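Biologist: Thanks for sitting down with me over this one. Could you put it on the screen so that we can talk through the terms?

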Amino acid sequence: MTDLQIKGLVKAYGPEAAVLDGLDLTVPGGALAAVLGPSGCGKTTMLRIVAGFLRPDAGSVAVGGRVLSGPGAHIAPERRRVGIVPQEGALFPHLSVARNVAYGLSGVDRTARRARVEKMLELVGLAGYGERMPHELSGGQQQRIALARALAPEPQLVLLDEPFNALDSALRAGVRDDVRAALRATGATAVLVTHDQQEALSTADLVAVVRDGRIAQCGTPEDVYHRPADPWVAGFVGDAVLVSGTADAAGAATAATALGRVPLAAAPAGPREGLVLLRPEQLRLTDAAPGETCGTVTDVRFYGHDAMATVTVEGLDAPVDVRVPGPVPVRPGGRTGIQVTGEATWHPAVVSPRACG
Ligand SMILES: Nc1ncnc2c1ncn2[C@@H]1O[C@H](COP(=O)(O)OP(=O)(O)OP(=O)(O)O)[C@@H](O)[C@H]1O
């Protein structure tokens, strides 16, 4: 299995500020990494450089130790052993499914080619579909064929550029699971570009969040969600509750906030004044008992699996969101107590990212 190493990637289009500004990313062999970031922050630019369609201004791309792009090196896209699954599949409309899948298998003899196509169709759950034409497939089936086509030549790396965008939400989760299973079965290293936080967290082994042309944080989905590098990352990968806090005595992993004393994941180093970050599911609505943090519910949004209550709390400038798993016990206008569960992360300052897009 082959790893992907991107080092110090820089790319500007014309005289404007660089879109990629020293981007580093390592994806271990066999892992699926999701590259997540706001629109216009350079995700596709990075993917196009890795694919070899664009040359970087500086930096390097290596797969399995083989430099594909770098100072004095540029391997042509077709010689990179990199498979690509574009947005909306982009199958050749005039070729049958089997011929689409076989497209990258020139030089392979007929019998081996046929066997490989059958194996790939089986892998993506579409055995027996070889004679169909692309227009006879659903959108989800087309995306799976696009993956089969990308995997057929046994690439070392597979790049997926927002491949589920055109699918409706019901189909999306199923196709996503199938694609993930197929990638796992082949052991290919893969990079999935997406701007969908849920997709990144639920699909990938690693999530890399791009900001200002660099990786703001790269880690497991759990790390990025529960231990975000800063409030911006936290807000980008999920709903966040951010309140001012004063850290307790040096070395203590607790802070005083308007939501009460909050346990921290680690004792803060540096200034005692800072920001305490929680997820809405770490807050609980309680009966408004004396001595407890209290507030007024101003809004309730129902999502089916849970609901979000917005609560204004004395001492806080902005209301906080509380995720409620079952029926919401308070209507808008009602009083409620609030309790914090679990540990918060501590952040010394708010990051204000350069505007993207
Ligand atoms: N060929 C080009 N010439 C000039 N500017 C470009 C070119 N391609 C992209 N850009 C600009 O570079 C920036 C990054 O674009 P890119 O497509 O890499 O972003 P992205 O993160 O993939 O966005 P999205 O999520 O919307 O697809 C954008 O401001 C875009 O307008």
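Biologist: What is the strand order in the open sheet of six strands?

Modeller: Keep in mind that this is a predicted model. The order is β7-β8-β9-β3-β10-β11, and the pairing is mixed.

Biologist: What makes β7 and β11 edge strands?

Modeller: β7 (82–85) and β11 (214–219) each have a single partner strand, so one side of each has no neighbour in the sheet. On average, neighbouring strands here are turned by 20° against each other, direction ignored.

Biologist: How do you know that β3 and β10 pair, and in which sense?

Modeller: Two strands count as paired with at least two bridges between them. Strand β3 (residues 32–36) and strand β10 (residues 206–211) have four bridges, in the parallel sense, so the pairing criterion is met. Val35 stands opposite Ala208 in β10.

Biologist: Which strands does helix α1 touch as it packs on the sheet?

Modeller: Helix α1 (residues 43–51) touches β3, β7, β8 (157–161), β9 (189–194) and β10. The direction of α1 makes about 150° with that of β8.

Biologist: And what share of the residues in the protein is buried?

Modeller: Buried residues are 38% of the 357. To be called buried, a residue needs 20 or more other C-beta atoms within 10 Å of its own, so that 38% is the share that reaches this cut-off.

Biologist: How many helices and strands are there in the whole protein?

Modeller: The protein has eight helices and 21 strands, and its C-alpha trace spans about 80 × 45 × 35 Å along the principal axes.

Key:
Residues are numbered from 1 along each chain as its sequence is written. This is a predicted model: local features need pLDDT of at least 70, side-chain atom pairs count only at pLDDT 80 or more; totals for chains, interfaces and linings use all residues. Helices (H or I, at least four residues) and strands (E, at least two) are DSSP runs, numbered from the N terminus. A residue is buried if 20 or more other C-beta atoms lie within 10 Å of its own, exposed if 12 or fewer, and partly exposed in between; C-beta atoms are placed from the backbone. Axes are lines fitted to C-alpha atoms, for helices over the stretch in contact, and angles run from 0 to 180 degrees between N-to-C directions. Two residues are in contact if their C-beta atoms, placed from the backbone, lie within 7 Å.
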